[in-house]
Amino acid sequence: MAKYQNILVVIDPNQDDQPALRRAVYLVKRNGGCIKAFLPIYDFSYELTTLLSPDERTAMREGVIKQREAWIKQQCHFYLADGVPIEIKVVWHRRPYEAIIQEVTSSNHDLLVKMTHQHDRLESVIFTPTDWHLLRKCPCPVWMVKDQPWPEGGKALVAVNLSSEEPYHDPLNMRLVKETLELAQNADQTEVHLVGAYPVTPFNIAIELPDFDPSVYNDAIRGQHLIAMKALRQKFHISEEFTHVEKGLPEEVIPHLAEELKAGVVVLGTLGRTGLSAAFIGNTAEHVIDHLKCDLLVLKSDDFGKPVVDEDDEHDDED
């Protein structure tokens with residue numbers, strides 16, 4: 001985690017409490033580094049003011065930007081007084097996620113921290129369209145912070161892929177565990193748990209093949225996953241009691257275990273993709289995210305590459 005020295009924090013313009021900023025300050029105080037408090041703003045009404053000249057509209061936009069900069073500085077007042085290095089930047093941009101990704105790329109930020117909102121009734125995390133764009137397209141790790149206090153004794157839960165048929169997951173699994181252990185060491189996370197899910201017996205196979213024994217199949221699949229988990233945990237000297245191999249869909253197993261452990265953060269990995277699939281993190285990851293009730297840290301594979309920002313996206317996303 002000490003590698004995260006240049007953190008970009010997205011400021012929520014609609015509230016004074018800034019959980020993402022608090023989380024970033026927490027990390028910087030323990031690992032060093034610096035923070036940029038960043039806010040993209042846009043008000044279409046300013047573009048419709050035809051009675052004003054272009055220079056006057058520009059002056060009005062600059063006035064709004066300065067007001068917001070002063071407001072953010074007030075939010076950062078106690079952190080700045082405490083010696084935390086925080087740069088403040090406000091830009092005028094009609095697509096927040098594009099502005100954020102451009103800032104990540106141009107300033108080589110190595111971690112993006114942004115707040116998500118907790119749904120009061122369902123107690124699940126609600127991701128905005130901007131959140132989804134960032135999770136899919138941001139080239140650096142993305143930490144989505146829940147707008148509730150960090151649970152007492154909160155743990156880090158790393159979701160790993162133990163499928164022997166997909167060897168390209170191995171380097172990503174190694175990176176997920178390595179970086180989460182660094183997080184545990186430097187950010188007071190005393191326990192790191194690993195979780196892998198394995199599939200249940202396909203129902204149609206059991207019906208179509210009379211001699212098929214589901215129990216033998218399940219035992220074989222579980223055995224493969226246990227062996228893969230053992231090999232992974234031994235590389236990092238992780239105790240067996242902190243590893244979990246569970247039967248079921250990842251989108252059910254991971255959120256359930258995270259809640260059972262009272263995890264503070266779930267760590268997922270994403271693979272670099274091109275073409276049509278570039279719009280998605282992957283079906284498994286997206287379904288897992290939909291059911292989480294805690295913070296989420298998404299790490300990108302080394303070949304994730306530079307994001308392509310679509311100019312013709314349908315949504316002018318606002319938080």
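Which residues touch the most other members of the largest nonpolar core? Select V9, I35 and W143: among the 51 residues of that core, these have the most contacts with fellow members. A nonpolar core is a set of buried Ala, Val, Leu, Ile, Met, Phe, Trp, Tyr and Cys residues joined through side-chain atoms within 4.5 Å. Buried means under 20% relative accessible area, with a 1.4 Å probe and protein chains only.

Now colour residues 19–31, which form helix α1. This helix gives the most to the core, with six residues.

Next, select A99, I101, A159 and V195. They are among the 35 residues of another core, apart from the one you just saw.

A word on the model: it is predicted, so local features need pLDDT of at least 70 and side-chain atom pairs count only at pLDDT 80 or more, while totals for chains, interfaces and linings use all residues. Residues are numbered from 1 along each chain as its sequence is written, and side-chain values use heavy atoms, leaving out hydrogens and water.

Zoom in on W71 and you will find R68 over the ring face, 4.9 Å from the ring centre. Then go to W92, where R61 lies over the face at 5.8 Å from the ring centre. A charge sits over a ring if NZ of Lys or CZ of Arg is within 6 Å of the ring centre and within 35 degrees of the ring normal.

Finally, zoom out to the whole chain. Look for 11 helices and 11 strands, which are DSSP runs (helices H or I, at least four residues; strands E, at least two) numbered from the N terminus. Of the 319 residues in the chain, 47% are buried.

Methods. Buried < 20%, exposed > 50% of the residue type's maximum accessible area, 1.4 Å probe, protein only.
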